[in-house]
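Me: I'd love a close look at the interior of this model. Could you take me through it step by step, and then place it in the rest of the chain?

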Amino acid sequence: MLPKILVHICCAPDGLYVLKLLQTHYQVTGYFYNPNIHPIEEYQLRLKETLKIGQFLQIPIICGEYEDKFWFQATAHFKNEPEKGRRCDICYALRLAKTAQVASSRNFDFFTTTLTLSPWKKAAVINHIGRMLGKKWGINFLEADFKKKNGFKKSVELSRQYGLYRQNYCGCLYSQR
Ligand code: SF4
């Protein structure tokens, strides 16, 4: 029996590559929790695309709530930070915290995130946050840097093959600027 892992999915192109990769070693469930995405039409589009990858790979996808007000409040002091700054650290932490909580309450063996696939995301920070949350919730965090071994390039090719929508900004209002 393969161990059960809950994978936080930031978007469909990243999710497709990472879930496909993990499927060989884990019993995978996806988790879409991204209150950072703005506006709501963009959120709905990314969610719709993510649900498609669940169908492609025959993997269940759990949809979190769209807690955009909570996200804006938590990051308000850092709205002028550049990408990869402190606002992003909070943004990673909020999404990972919810993933850890859900994984723990539903008796998964592991949790992780697709976030490290992006060349614009700090894997060391994400893994540090994941380890801390794993300790807090008593669940294993799978550390990774999915962009390694040409992961990002492969994900771009794979998402093209499957005809998935690929966004041109990270997700929040501030990253649209
Ligand atoms: S740029 Fe991306 S990671 Fe950073 S706060 Fe915005 S949505 Fe989150």
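Reply: Happy to! One convention first: helices (at least four residues) and strands (at least two) are DSSP runs, numbered from the N terminus. Please also keep in mind that this is a predicted model.

Let's start with the frame. The chain has six helices and five strands, and from the N terminus they follow the order β-α-β-α-β-α-α-β-α-β-α. Buried residues make up 40% of the 177 residues. Of the contacts with a separation of 6 or more, 71% join residues 24 or more positions apart. The C-alpha trace spans about 45 × 40 × 30 Å along its principal axes. The radius of gyration is 15 Å, which agrees with the value near 16 Å for a compact globule of 177 residues.

Now to the interior itself. The largest nonpolar core holds 41 residues, and the members that touch the most others are Ile5, Val7 and Phe111. Two or more residues each come from strand E1 (4–8), helix H1 (12–22), strand E2 (27–32), helix H4 (86–105) and helix H5 (123–137). Helix H4 gives the largest share, seven residues.

Valine 7 is a good place to see how the pieces meet. Leaving out residues up to four places away in sequence, valine 7 touches Val18, Leu19, Leu22, Val28, Gly30, Tyr31, Thr112, Thr113 and Thr114. Of these partners, Val18, Leu19 and Leu22 are also among the buried residues of H1.

That brings us to H1, a helix that is mostly covered: nine of its 11 residues are buried. They are Ala12, Pro13, Asp14, Gly15, Leu16, Tyr17, Val18, Leu19 and Leu22. Their packing partners are E1, E2, helix H2 (40–57) and helix H6 (151–161). On the way into H2 there is a feature worth a pause: the peptide bond from histidine 38 to proline 39 is cis, with omega near 0°. Proline 39 is in the loop between E2 and H2. For context, most peptide bonds are trans.

H4 deserves the longest look. This helix has 20 residues, and its first and last C-alpha atoms are 29 Å apart, close to the 28 Å expected at 1.5 Å a residue. Its buried residues are Arg87, Cys88, Cys91, Tyr92, Leu94, Arg95, Leu96, Thr99, Ala100 and Ala103. Many of the gaps in that list can be read against a simple rule: an α-helix has 3.6 residues a turn, so residues three or four places apart point the same way. The cover over the buried residues of H4 includes E1, E2, helix H3 (68–75), strand E4 (110–113) and H5.

H4 also takes us to the ligand. The residues around the ligand are Asn36, Glu83, Arg87, Cys88, Cys91, Cys170, Gly171, Cys172, Tyr174 and Ser175. By type, this shell holds five nonpolar, three polar and two charged residues. Arg87, Cys88 and Cys91 belong to this shell and are also listed among the buried residues of H4.

Leucine 173 is in the segment after H6. With 16 C-beta neighbours inside 10 Å, leucine 173 counts as partly exposed. Its C-alpha is 9.1 Å from that of lysine 79, although the two are 94 residues apart in sequence.

To finish, a few loop residues contrast with the buried parts. Asparagine 107 is in the loop between H4 and E4 and has a positive phi of about 60°, although it is not a glycine. Asparagine 107 counts as exposed because it has 8 other C-beta atoms within 10 Å, and the cut-off for exposed is 12 or fewer. Lysine 149, in the loop between strand E5 (140–141) and H6, likewise has a positive phi, near 55°. It has 10 C-beta neighbours inside 10 Å and so counts as exposed. As a rule, most residues other than glycine have a negative phi.

Glutamate 67, in the loop between strand E3 (61–63) and H3, is partly exposed, with 16 other C-beta atoms within 10 Å. The C-alpha atoms of glutamate 67 and lysine 153 are separated by 31 Å, with their positions 86 residues apart along the chain.

Note on methods: Residues numbered from 1 in each chain as written. Predicted model: local features only at pLDDT ≥ 70, side-chain atom pairs only at ≥ 80, totals over all residues. Core = buried A, V, L, I, M, F, W, Y, C linked by C-beta atoms within 7 Å. Buried ≥ 20, exposed ≤ 12 C-beta atoms within 10 Å, placed from the backbone. Contact = placed C-beta atoms within 7 Å. Near = placed C-beta within 6 Å. Nonpolar A, V, L, I, M, F, W, Y, C, P; charged D, E, K, R; others polar. Expected span 1.5 Å × (residues − 1). Rg over C-alpha atoms; globule rule 2.2 N^0.38 Å.
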